[in-house]
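Q: Could you take a close look at one buried polar side chain here and tell me what its end is doing? After that, feel free to wander through the rings, a helix and a strand.

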Amino acid sequence: MNETSTPHRPIQALSDQLISQIAAGEVVERPSAVVKELLENALDAGSSSIQIRLEEGGVKRIAISDNGRGIPADQLPLAVARHATSKIASLTELENVATLGFRGEALASIASVALLTLTTRTAEAPHAWQIENGKISPASGAQGTTVDVQDLYYNTPARRKFLKSEQTEFGHCAEVVRRIALARPDVTFSLSHNGRAVDHWNVSAIDKRSAHILGEAFANARLPLDESAGPLRLHGFVGLPTASKGRADAQFFYVNGRFVRDKLLTHAVRAAYQDVLHGDRYPSYVLALDLDPALVDVNVHPSKIEVRFRDSRAVHQFVFHAVNRALAQTSATAFGTVPAPATAMAPQLNGAINTTNAANTTSNGRMPWLSGEQTTFGAQFSPQPLGQSGYGYDYAPQHTAQTGVAQSLQNYGALFARDQNNENRTGNSTPIGGTELPADEHPLGFALAQLHGVYVLAQNSKGLVLVDMHAAHERILYEQLKNALDANSMPVQPMLIPVTFYADGVEVGTAEEHQATLQALGFDIAAISPTTLAVRSVPALLKNADAQSLARDVLREVREFGGSRVLIDRRNELLGTLACHTAVRANRSLTVIEMNALLRQMEQTERADQCNHGRPTWVQLGLNDLDKMFLRGQ
């Protein structure tokens, strides 16, 4: 076997050129890295307008011009020298750095692997100055700086071979511009490629800038967020679960204005969405975390895309709870608009919706359907008797008790007292009794019929509402189970006759070993023989489900993950499974009373706009949408 031996050489200092080229390997990974460094310098210079011109994906040319402060002529040699900067001067300033760029190596590294020309002018200078190949000369130009980088890697051809196609490299450059433009809506950005204008963003508010960059689909399905706690502030927008994507390409997180891909922050946001998003979907968001620079180290990665927090656990919990609270506002009452991205309007945050409305509780503080008094779905969702407007509307039971899906038009006319003037489409929904309600009091309106045993059709002031009754009921039950478990007060329904079933030795052992966990979940499962288990009680919310199926599911989870983990890490998955057992099934015929009670409960339930997997539970079809379908007014 042939061996190649490295020649023995004495230790010697590397040349400045080689040092810069080695540093360029970290700083100038590809053209987009050049764009990032130059844009950060432009923003640090106080620019309000920046133009980015690219040729051949940035490989042939990257020219970035700004209207910032400019660089005095006598400082130009230092501007392109290694580790020379105006942004920090001591370790204390490094630990409290508030600028985007601060290492003082970007321009030197770029100049070592490309042809760099820097033209700049300060407000006090009579004309601009230019530096190229170390030579300074007078030039023409307005206040600000233009950095012109040509023929990237011209002197390191091996590096150039690793670059991708022109379109791929341009795509990376454009993504960098988008990220930075999102963080700075107070700055105008223009991007062109091969002489063709690609993007232009004028100064605007963050809601308009994010809508422009991320598109109308995100703009129509996002929740505003702005929370503070001590030195921390999180603000921006989180996308509704119904606006999730198959790729994580619409996730933008900024720390003190710097775009980051930090595992801790990504995990915190993902954990907040866990309750409303299927595992193979990715949420969309634009979030900015502001905090004291002393509490975060931005110098832990060559490209400064990762950060390290002094108190990572506190930051994680703050971000998780802030996003979680924002997502909890997805109820019809909170927005009064459709959650689906296709026709949604920008929501307004109106505060948390308390799912345990005092008017809907019994004397012992429990909700009526937790008291063990009802045994059917219809009873669970029946409204208060006339005059006891617990749900805020009055239905006369004698008029509606027998009203199902296949009812005559006359019955529905009597139910809803339709306005005789069909052209008056802006009026309020009118329930039985003729009591007119404000349009926003019941955003989901009032039920008209049931479609194929799956969907509830309702009318509100905007038009037609379609509700997936199983998904909606599943979310309601799931939220009730979570609330009860969080309060350590899971209501229990004893079985009049215990349900027994055959169980193998593992199931029997699991039931005996994890009695405390099962009781916390509202189950009493006991072994009455080596091969038989008896279910003596179940959670009251699940009393209508098959007790044997419930018991097997909960035993399987406890056996696989352990008691403590089921109650903490796997809690939501288990409760979602249990809720699915009891949720009203497809092809179940509901009365109008039952359908309306479901709508009212949806309006009072957090996260009711989507099921546990992130699918919408209801969709709005406005009158304008319906008119377009039937070509009215055309």
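A: The side chain of Q620 gets to within 3.3 Å of the backbone oxygen of L464. It has a side-chain partner too: the side chain of N460 makes a polar contact with that of Q620, at 2.8 Å. Keep in mind that all of this comes from a predicted model. As for where Q620 sits, look in strand β22, which runs over residues 618–622. Is Q620 buried or exposed? Its relative accessibility is 6%, and buried means under 20%, so Q620 counts as buried.

Now for the rings. There are three aromatic pairs in the structure. One of them joins Y254 to F259, edge-to-face, with 5.8 Å from centre to centre and 70 degrees between the planes. The edge-to-face label goes to planes over 60 degrees apart, so the 70 degrees of Y254 and F259 qualifies. Both Y254 and F259 are buried. Bring in F252 and you have a cluster, with ring pairs linking F252, Y254 and F259.

Charges turn up over rings as well. R270 lies over the face of Y282, 5.6 Å from the ring centre. R600 does something of the kind with F446: the charged end of R600 sits over that ring, at 5.0 Å from the centre.

On to helix α7, residues 166–183. Those 18 residues, at 1.5 Å a residue, should span 26 Å, and the end C-alpha atoms are indeed 26 Å apart, so the two agree. The buried residues of α7 include F170, C173, A174, V176, V177, I180, A181 and L182. Charged names are on that buried list as well, namely E169 and R179. When reading such a list, remember that an α-helix has 3.6 residues a turn, so residues three or four places apart point the same way.

Last stop, A63, which belongs to strand β2 (residues 61–66). Its relative accessibility is 0%, so A63 counts as buried. What does A63 touch, leaving out residues up to four places away in sequence? The answer is Q51, I52, R53, V147 and D148. If you want a C-alpha distance for A63, try L116: the two are 53 residues apart along the chain, and their C-alpha atoms are separated by 9.7 Å.

So, back to your buried polar side chain: Q620 counts as buried at 6%, with N460 as a side-chain partner at 2.8 Å and the backbone oxygen of L464 at 3.3 Å.

Note on methods
Residues numbered from 1 in each chain as written. Predicted model: local features only at pLDDT ≥ 70, side-chain atom pairs only at ≥ 80, totals over all residues. Heavy atoms only, no water. Phe/Tyr/Trp six-rings, centres within 6.5 Å; stacked < 30°, edge-to-face > 60°. Buried < 20%, exposed > 50% of the residue type's maximum accessible area, 1.4 Å probe, protein only. Lys NZ or Arg CZ within 6 Å of the ring centre and 35° of its normal. Helix = DSSP H or I, 4+ residues; strand = E, 2+ residues; numbered from the N terminus. Polar contact = N/O pair within 3.5 Å; in protein donor to acceptor, adjacent residues only side chain to side chain. Expected span 1.5 Å × (residues − 1). Contact = heavy atoms within 4.5 Å.
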